[in-house]
Amino acid sequence: MSDNVTQFDRGKRSAGLVRRILTIGLLTIIVLGILALILFPEELNLDAMRRWFRYLNVRDDSSYGEFTFDAHNRNCYAQTSDGLSVASVGGLYLYGPEGTELSSAQAQISLPVIKSVEDFAMTYDDGGTPLLLAHEERGELLRIESAVSIYDADLSSDGCVCVAAAEGGHKTVLSVYDDDQALIYRWLSSSAFMPVCALSDGAGCIAAIGLGQNENIFESRLYLFDPSSEQPESVLSLGNEL
């Protein structure tokens with residue numbers, strides 16, 4: 001009889017052990033990274049990290065971060081994603097981080113006000129018209145020229161818009177547009193001016209400040225609206241604060 005002997009390759013066994021250790025180590029790093037993202041989003045500044053990797057290959061470009069546009073003493077500016085948006089007497093202009101004009105919306109504006117969130121920028125004529133909304137890639141999305149006088153407007157990160165304006169003989173008409181820029185809600189106020197408005201993402205909640213009086217005493221009120229309801233969800237007194 002002869003002995004049956006099976007010989008094992010120690011080199012292969014060592015290599016398999018190393019691979020298992022590396023796999024476990026990689027999984028540990030991934031899990032710790034996910035936990036860090038969840039627990040410390042502000043400290044990590046993810047937006048800055050994303051921009052750093054995105055534009056790593058253009059950091060030495062002499063045109064990076066330089067924007068050229070017509071100067072005017074009524075120009076106003078805001079950051080749009082990684083670029084710049086400019087509202088001027090000639091309209092709204094959105095630029096990429098290398099100074100390239102990405103989109104624009106032209107109109108005559110006497111006193112431009114600008115607001116921006118992520119890839120969207122909006123401008124309106126303070127006390128007049130029009131209102132313009134544009135996106136870096138999709139261009140002009142909304143133009144409002146029907147209002148007599150725009151008091152205020154707000155913009156959400158998904159492109160929803162609310163506008164408080166004088167229109168059609170009313171002291172204030174509050175108009176709300178969804179993320180497809182379709183008109184979904186209007187509140188007509190004949191008794192109170194509403195010079196300030198704001199809305200949440202998705203236009204699920206709209207807020208406005210109304211100026212009025214209670215028994216001949218000045219009183220401000222906070223109105224909260226739900227587009228699915230005809231009446232305000234809540235009306236809160238702010239007293240005689242302006």
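**Group meeting: a predicted model, from one buried loop residue to its sheets and rings**

Good morning. Q181 is buried, because its relative accessible area of 12% falls under the 20% limit. What I am presenting is a predicted model, and I shall begin with the backbone around this residue. Q181 sits in the loop between β11, residues 170–177, and β12. Its phi is near 60°, a positive value in a residue other than glycine. As background, most residues other than glycine have a negative phi, and most peptide bonds are trans.

A second residue invites comparison. Is E118 buried or exposed? E118 is exposed, because its relative accessibility of 52% is over the 50% limit. Its phi is also positive, at about 55°, although E118 is not a glycine. This residue belongs to the loop between β5, residues 112–117, and β6. To place the two side by side: Q181 is buried, whereas E118 is exposed.

There is one further backbone feature to report, and it concerns a peptide bond. T129 and P130 are joined by a cis peptide bond, with omega at about 15°. P130 lies in the loop that runs between β6, residues 120–125, and β7, residues 131–135.

I turn now to the sheets in which these loops connect strands. In general, strands of a sheet pair through backbone hydrogen bonds, either parallel or antiparallel.

In what order do the strands of the open sheet containing β5 run? The order is β5-β6-β7-β8, four strands with antiparallel pairing. β5 and β8, the latter covering residues 139–144, are the edge strands, each pairing on one side only. On average, neighbouring strands of this sheet are turned by 15° against each other, direction ignored. Between β5 and β6 there are six bridges in the antiparallel sense. One contact that can be followed on the screen is that of P112, whose bridge partner in β6 is D125.

The loop of Q181 leads us to another sheet. Here four strands form an open sheet in the order β9-β10-β11-β12, and the pairing is again antiparallel. Its edge strands are β9, residues 149–155, and β12, residues 183–189, each with a pairing on one side only. For this sheet, too, the average turn between neighbouring strands is 15°, direction ignored. β9 is joined by six bridges to β10, residues 161–167, and the two run antiparallel. Within this pairing, L155 has V161 as its bridge partner in β10.

A further antiparallel pairing involves β3 and β4. Five bridges join β3 to β4, the latter spanning residues 101–106. Y93 finds its bridge partner, S104, in β4. The hairpin of these strands has five residues between them, and G99 there takes a positive phi near 90°.

Let me move to the aromatic side chains. How many aromatic pairs does the model contain? The count comes to five. One of them is the pair of F67 and Y95, with ring centres 6.3 Å apart and 65° between the planes. The geometry is edge-to-face, because the angle between the planes is over 60 degrees. This pair links distant parts of the chain, 28 residues apart: F67 is in the loop between α3 (46–54) and β1 (76–80), while Y95 is in strand β3, residues 91–95. F67 is partly exposed at 27% relative accessibility, whereas Y95 is buried at 5%.

The rings of W187 and F225 have their centres 5.2 Å apart and their planes at 50°, so this pair is tilted. Distant parts of the chain meet here as well: W187 is in strand β12 and F225 in strand β15, residues 217–225, with 38 residues separating the two. Both rings belong to buried residues, W187 at 17% relative accessibility and F225 at 1%. Ring pairs also bring in Y185 and Y223, so that these four residues are linked into a cluster.

Finally, the surface. Which residues form the nonpolar patch? The patch consists of L26, L27, I30, V31, L32, I34, L35, L37, I38, L39 and F40, with about 1100 Å² of accessible area together. L39 is a convenient example: this residue lies in helix α1, residues 10–39. L39 is exposed, because its relative accessible area of 57% is over the 50% limit.

Thank you; I am glad to take questions.

Technical notes: Residues numbered from 1 in each chain as written. Predicted model: local features only at pLDDT ≥ 70, side-chain atom pairs only at ≥ 80, totals over all residues. Heavy atoms only, no water. Patch = residues over 30% accessible without salt bridge, like charges linked within 9 Å, V, L, I, M, F, W, Y side chains within 5 Å. Areas by Shrake-Rupley, 256 points an atom, 1.4 Å probe, with all protein chains shown as cover. Salt bridge = Lys/Arg side-chain N within 4 Å of Asp/Glu carboxyl O. Buried < 20%, exposed > 50% of the residue type's maximum accessible area, 1.4 Å probe, protein only. Pairing = 2+ DSSP bridges. Axes fitted to C-alpha atoms, helices over the stretch in contact; angles between N-to-C directions. Phe/Tyr/Trp six-rings, centres within 6.5 Å; stacked < 30°, edge-to-face > 60°.
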